[in-house]
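Colleague: I am new to this structure and would be grateful for a close look at chain B. Please describe how that chain is built, and then place it beside its partner.

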Amino acid sequence: MDIAFSPDDQRFRGECREWLQHNVPKERRPLDAADALPFDKAWQRQLFEAGWAGINWPKAYGGRGLTIVQQVIWLEEYATAHAPWIGANFVGVNHGGPTLIVNASDAQKAFHLPRILRGEGIWCQGFSEPGAGSDLAGIKTRGRIEGDELVVNGTKIWTSFAHVADWQELVIRTGEGSRRHAGLSWVICDMRAPGITVRPIRKMSGQTEFAQVFYDDVRMPLAHVVGGLGNGWKVAMSTLGFERGTGFIADQVKATHEIDALIARARSRGLLRDSAIAGQLAQLRAEVAALRAMTYRNISEVLRTGQPGPEASVIRLFASELGQRLQRVAVVLLDEEVLDFSYGNDDAVAAYLRGFAATIAGGSSQIQRDIIGERLLGLPKSR
Amino acid sequence: MDLTPSPDQEALLAATVEWCRAAMPLEHARDRPQGLWRELDAMGWLGMTAPSMGLDHATEALVFAELGRHVAPVAMISTAVARRWTTSEDKVALCLISGRVARVFDAEGAQTALAWQEGAAVSLAWKGAAKASPGLDPSASLSRFDPAPETITLDDSRAGLHLQLLTAAFALGCADAATDMAVDYAKLREQFERPIGWFQALKHLCADMAVRCAVARSQLYYAACALDADEPDATFHIAAAKRLADQAALDNGRGNIQVHGGIGMTDEAYPHLCLKRAHLLSFIAPVANTALLGESA
């Protein structure tokens, strides 16, 4: 075991740092999805032109094809340079694109992948429904087959960037009378198709980033199904394997800066003399260090075995809850100034309010604990 | 960069587990056979940290976590540190100095002990046999010296870090043992006509125990590597590892007793051995907030 990076990797780190230093936008990314769209597209285009789009995508599909250690380095440097979140491009680059790479036809790949990398095709996800949250297999939105088309009716919710997206990775029920995981299909939905209504939803942080989407006899070609009719669950799950434990690197780097800034602020206000506050900050600093160690350990596991270890859900659970503890302490240090928050602010309070998503979206903490209990510890399945 | 055990380390770990299970099971922790220490010495468990063995701290951390999982004698920690940084080849007991009192653990057959004082490892000695009395941890005999014998600071400042690292490894093992015990029991014990581990309230309690172990283990490995690499921030990383391992051991010690219910509170069952050991270890090379708050302010 060792924690040293190879000379090649160190050279690569220098290359990343150099490019980011000269290219990270000076202005802040706007908060609302609609306001941020031109910013997100321009930044993605800039990344693409410099060869930094799709760092984990194979070169054959226009990606950079970085090794996993290089991905870690890029993501660390990216966060250290305060480069902006890729925002509206997130679903396409990190989720839709990888799903297409694994499952789509050559024609589908040839059309969509270059657009995603260039920031020209914006994607949103269409998995959750009002009645299918943690229990994703409870999907009710239906696609009726008519000739060479699907006619879709139903609704999706918590769809980030729905109101600015061009395409959606839509999982619907196509099997007549099918239940649970069977009879689902993963289909590329054109967000401009007639019959789609998008109702943006404002979050308690004031941002309008996600939406509910309604489908009223929306027609889409059967040729837009990815991975074959009825294979939707398998296709939707295939991207989980694409994410190699690098998902929390940016959070971890940000957390390192954040805890150091919090300690500095507490010290300058004389708050470290309060042993409760000092103890909390000391604890958080140890936990943030451990998060990095956990990430490195998981990456090492991928390098050794080709697969992230079963502890990936442990990292997810720990990282999301640690992030919330940090945000909470930041707000405690603000004291009564927290009351001055108003919608549109992009400050510690906004981060705290946004942060509630971390233990809900993409598998709640409770689901993660079920997974850890059942798959890692072998306790009996309760569902 | 690699934070997973190499095949060689895996093999050493497997051998450690096998030996511990056969010769030093947790179930016998408070009633270790007289000859155990001699056997530990003969098998090389005590001399493995000697400079001539060339073992790195990362490998030590792996092995000591496994020893800790079997609630091994705490003098293994102090003896290992002494073998690395002094010329002693004898048993060295583990000591806690607070004010004028020295509490020495596992003093049988030892004439010296190691303690942690202000970040450094110090050694102390006594004449004759130390008188042992029962203490909180039934798996570690306690001898009190009042006043404490005079202390001598070990020359190399890394000895203190080494003591903290190996204690953290023992604490992690203690947390692991509590998790294993709780999970095994949750699969076995039935109430409402099903194993209690079926219920989310208990499943999630066990999951949290596993998370604490994973967090502490990751930081321990990183800290050991940082010490091996002589990194300037090794002091911080080892302190973080110790803090997280202590917490995992204490919290999992509590969790394990809760999962066991009534039997968990008894003297005859094993859960209290983990909890009591966790309390003992938390006093050895403890972590001050300032060690973690560091230069960042």
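Modeller: The account below begins with chain B as a whole, moves through its sheet and its loops, and ends with chain A. The model is a predicted one, and what follows should be read in that light.

Chain B as a whole comes first. Its secondary structure amounts to nine helices and eight strands. The radius of gyration of chain B is 19 Å, close to the 19 Å that the globule rule gives for 297 residues, so chain B is as compact as a globular protein of that length. Measured out along the principal axes, the C-alpha trace of chain B spans about 60 × 45 × 40 Å. Of the 297 residues in chain B, 56% are buried. Among the contacts in chain B with a separation of 6 or more, 71% join residues that are 24 or more positions apart.

The sheet of chain B can be taken next. Six strands form an open sheet in the order β5-β2-β1-β3-β4-β6 (chain B), and their pairing is mixed. The edges of this sheet are β5 (142–145) and β6 (151–153) of chain B, each of which pairs on one side only. From one strand to the next, the twist averages 30°. Within the sheet, strand β1 (residues 92–98) of chain B pairs with strand β3 (residues 112–117) of chain B in the parallel sense, over three bridges. One residue pair can be named here: B:V92 has B:T112, in β3(B), as its bridge partner.

A helix accompanies these strands. Helix α4 (residues 75–85) of chain B lies across β1, β2 (101–105), β3 and β4 (120–125) of chain B. Relative to β1(B), helix α4 of chain B runs at about 100°.

Three loops of chain B deserve separate attention. The loop between β5 and β6 of chain B holds B:P147. B:D146 and B:P147 are joined by a cis peptide bond, with omega about 5°. The edge strands named earlier, β5 and β6 of chain B, are thus the elements on either side of the loop that holds B:P147.

In the loop between β7 (190–191) and β8 (194–195) of chain B lies B:E193. Its phi is near 65°, a positive value in a residue other than glycine. B:E193 counts as exposed because it has 6 C-beta neighbours inside 10 Å, and the cut-off for an exposed residue is 12 or fewer.

The loop between α8 (271–283) and α9 (289–293) of chain B contains B:A285. B:A285 also is not a glycine and has a positive phi, of about 45°. As for its surroundings, B:A285 is buried, because 26 other C-beta atoms lie within 10 Å, and the cut-off for a buried residue is 20 or more. Two residues with positive phi have therefore been placed in opposite settings: B:E193 is exposed, whereas B:A285 is buried.

The contact between the chains now brings in chain A. To this contact chain B gives 37 residues and chain A gives 40 residues. On the side of chain A that touches chain B, at least two residues are supplied by each of α7 (249–268), α8 (275–305), α9 (312–334) and α11 (365–376) of chain A. The largest share comes from α8(A), with 16 residues. Divided by class, the side of chain A that touches chain B has 26 nonpolar, four polar and ten charged residues.

Helix α8 of chain A is also the place of A:T305. A:T305 counts as exposed, with 10 C-beta neighbours inside 10 Å. A:A351 is 46 residues from A:T305 along the chain, and the C-alpha atoms of the two are separated by 36 Å.

The layout of chain A completes the picture. Chain A is divided into domain 1 (7–118), domain 2 (123–232) and domain 3 (244–376). The centres of domain 1 and domain 2 of chain A, taken over C-alpha atoms, are separated by 26 Å. Where these two domains of chain A touch, 16 residues of domain 1 are in contact with 14 residues of domain 2. On the domain 1 side, the elements that give two or more residues are α2 (33–49), α4 (90–103) and α5 (106–118) of chain A. Of these, α4(A) gives the most, with seven residues. The residues of that side of domain 1 of chain A divide into nine nonpolar, six polar and one charged.

Technical notes:
Residues numbered from 1 in each chain as written. Chains lettered and ligands numbered in written order. Predicted model: local features only at pLDDT ≥ 70, side-chain atom pairs only at ≥ 80, totals over all residues. Contact = placed C-beta atoms within 7 Å. Helix = DSSP H or I, 4+ residues; strand = E, 2+ residues; numbered from the N terminus. Nonpolar A, V, L, I, M, F, W, Y, C, P; charged D, E, K, R; others polar. Rg over C-alpha atoms; globule rule 2.2 N^0.38 Å. Pairing = 2+ DSSP bridges. Axes fitted to C-alpha atoms, helices over the stretch in contact; angles between N-to-C directions. Domains from an automatic or database assignment.
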